[in-house]
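Q: Please take a close look at the domains here and at how they pack. Start with how the pieces are divided, then go down to individual helix contacts.

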Amino acid sequence: MHNFEFVKPSTIADAVKAMAQDGAQALSGGQTLLPTMKQRLAQPETLVSLTGIPEMQGVCMGEGGLHVGAATLHVTVAQDAKALYPALSTLAGGIGDPAVRNRGTIGGSLANNDPAACYPAAVLASGATVVTNKRKIAADDYFQGMFTTALDDGEIITSVIFPVPQKAAYVKFNQPASRFALTAVFVAKHAGGVRVAVTGASNDGVFRWTEAETALSADFSPSAISGLTVDPTGMIADLHGTAAYRANLVKVLTGRAVAAAH
Amino acid sequence: MTKVTMTVNGKSVSAETEGRTLLSSYLREGLGLTGTHIGCDTSQCGACVVHLNGRAVKSCTVFAQDVAGAEVRTIEGMANADGSLGVVQQAFQDHHGLQCGFCTPGMVMASAALLAENPKPTEAEVRHGLEGNICRCTGYHNIVKAVLAASGQDVAAVAAE
């Protein structure tokens, strides 16, 4: 990998300053960024580590729901959100493998917005708010396609606020080699209705299955979606599964998530 | 070059690094601790797993400068004080939990971290916990038995054949 200058600020303000330099790139857990840099698909001139900033760490209940610092490890969310938001804890505990969970962070996952990543599904289904150094972004506005988000250059996610649903579940069909989602569905039943977010399936990244949301808001049971079909147009097709296979998985996994929601 | 100091296997150590120096390179080239193996260098195989502040991480996917000041434990720190094999190492030997041995340092470190968190795992929990470690000899059955044995459980009773 090409060399770069490494900086590790201890406050958000200093991180924002460092990110203003030309060629600066934020580094969180690095579980995607390091392999990407090794392949020279990313060649930052300056890497700004966000893992030494205390105000970006931790899980706690606060205004608007569960607050998760952007540099919080997956393993920490799995442990500390268990009683507060069980479906989110389950999701975090199923990302990658233990070594990845001990290093990867929620902010890193969301900034990257891999089309098969787990966290985007939780954020979108929960109707969470992505908080940055300069604004709050609603989940519905944040995700803008594969590896694309509403973040501006140099903007840093500092925390995520999850409204905790009445019932929720995340069901992931593992791609066993990468341990990303071949397809996965997060179902969240809120007081105002049901939200269904799908990851791993679409070429546009995470999306809401609105027909299922309508059906499930009227009747929160797996049978409520039995008459629905998912259009395979625009679904990811690769050697692991065709577009039609993934479209079918969306429906199957949604049913399982509704059945598992608690 | 930047001098990075950390505590490795209980000793304060330091070595010169570039920004791009990986923790695995710091250990192997900077400190001569070549027990940590680099299998894939693409974050997939787990041969390079070490403990970073008590947690298993892939040392090929961490920058040395990012963990300055940390406590690191490598396979060289797993033996008992008298030089005899540690519990997990001994169990791997007893149950033939290695064939070519290349993945073994990472397997031992991942297993030790797993047992620290879950002292009496089921067989399924061991398999789930070692998901990030690949053995290309496919010696998984004996590795799983070794981990169950290291937990003090009766392997014949808890391991599927």
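A: Domain bounds come from an automatic or database domain assignment. For chain A, that assignment gives domain 1 (5–49), domain 2 (56–162) and domain 3 (167–260). Keep in mind throughout that this is a predicted model.

Begin with the pairing of domains 2 and 3 in chain A. Their centres, taken over C-alpha atoms, are separated by 19 Å. The contact involves 22 residues of domain 2 of chain A and 25 residues of domain 3 of chain A. On the domain 2 side, α4 (86–92) and α7 (119–126) of chain A each supply at least two residues. α7(A) gives the largest share of that side, with 6 residues. Sorted by class, the domain 2 side that touches domain 3 has 13 nonpolar, 7 polar and 2 charged residues.

Now step back to the whole of chain A. It has 10 helices and 12 strands. Its radius of gyration is 18 Å, close to the 18 Å that the globule rule gives for 262 residues, so chain A is as compact as a globular protein of that length. Along its principal axes, the C-alpha trace of chain A spans about 55 × 45 × 30 Å.

Chain B comes next. It holds 6 helices and 5 strands. In sequence order the pattern is β-β-α-β-β-β-α-α-α-α-α. The radius of gyration of chain B is 16 Å, close to the 15 Å that the globule rule gives for 161 residues, so chain B is as compact as a globular protein of that length. Its C-alpha trace spans about 55 × 35 × 25 Å along the principal axes.

The assignment splits chain B into domain 1 (2–77) and domain 2 (87–156). The centres of these two domains, again over C-alpha atoms, are 22 Å apart. Their contact takes 15 residues from domain 1 of chain B and 11 residues from domain 2 of chain B. On the domain 1 side, β3 (49–52) and β4 (55–58) of chain B each supply at least two residues. β3(B) gives the largest share of that side, 3 residues. By class, the domain 1 side that touches domain 2 has 7 nonpolar, 7 polar and 1 charged residues.

Next, the contact between the chains. It takes 21 residues from chain B and 21 residues from chain A. β4(B) gives the most to the chain B side, with 4 residues. So β4(B) serves two contacts: it also supplies at least two residues of the domain 1 side that touches domain 2 of chain B. The chain B side that touches chain A divides into 6 nonpolar, 8 polar and 7 charged residues.

Finally, the helices of domain 2 of chain B. Take α2 (residues 87–94) and α5 (residues 140–150) of chain B. They pack at an angle of about 135°, with their axes 8 Å apart. Angles of 65 to 115 degrees count as roughly perpendicular and those over 145 as roughly antiparallel. α2(B) and α5(B) are therefore oblique to each other. Their crossing is right-handed. From α2(B), Val87(B), Val88(B), Ala91(B), Phe92(B) and Asp94(B) meet Ala146(B), Ala149(B) and Ala150(B) of α5(B). This contact has 7 nonpolar, no polar and 1 charged residues. The charged one is Asp94(B), because Asp is classed as charged.

A second helix also packs on α5(B). The axes of α3 (residues 104–117) of chain B and α5(B) come within 11 Å and cross at roughly 40°. That makes α3(B) oblique to α5(B). Here, too, the crossing is right-handed. Met107(B), Ser111(B), Leu114(B) and Leu115(B) of α3(B) meet Ile143(B), Val147(B) and Ala150(B) of α5(B). The classes are 6 nonpolar, 1 polar and no charged residues. The polar one is Ser111(B), because Ser is not among the residues that count as nonpolar or charged. Ala150(B) of α5(B) takes part in both helix contacts: it meets α2(B) and it meets α3(B).

Conventions:
Residues are numbered from 1 along each chain as its sequence is written. Chains are lettered from A and ligands numbered from 1 in the order in which they are written. This is a predicted model: local features need pLDDT of at least 70, side-chain atom pairs count only at pLDDT 80 or more; totals for chains, interfaces and linings use all residues. Two residues are in contact if their C-beta atoms, placed from the backbone, lie within 7 Å. Axes are lines fitted to C-alpha atoms, for helices over the stretch in contact, and angles run from 0 to 180 degrees between N-to-C directions. Angles under 35 degrees count as roughly parallel, over 145 as roughly antiparallel, 65 to 115 as roughly perpendicular and the rest as oblique. A crossing is left-handed if the near helix is turned anticlockwise from the far one by less than a right angle, and right-handed if clockwise. The radius of gyration is taken over C-alpha atoms; the globule rule is 2.2 Å times the number of residues to the power 0.38.
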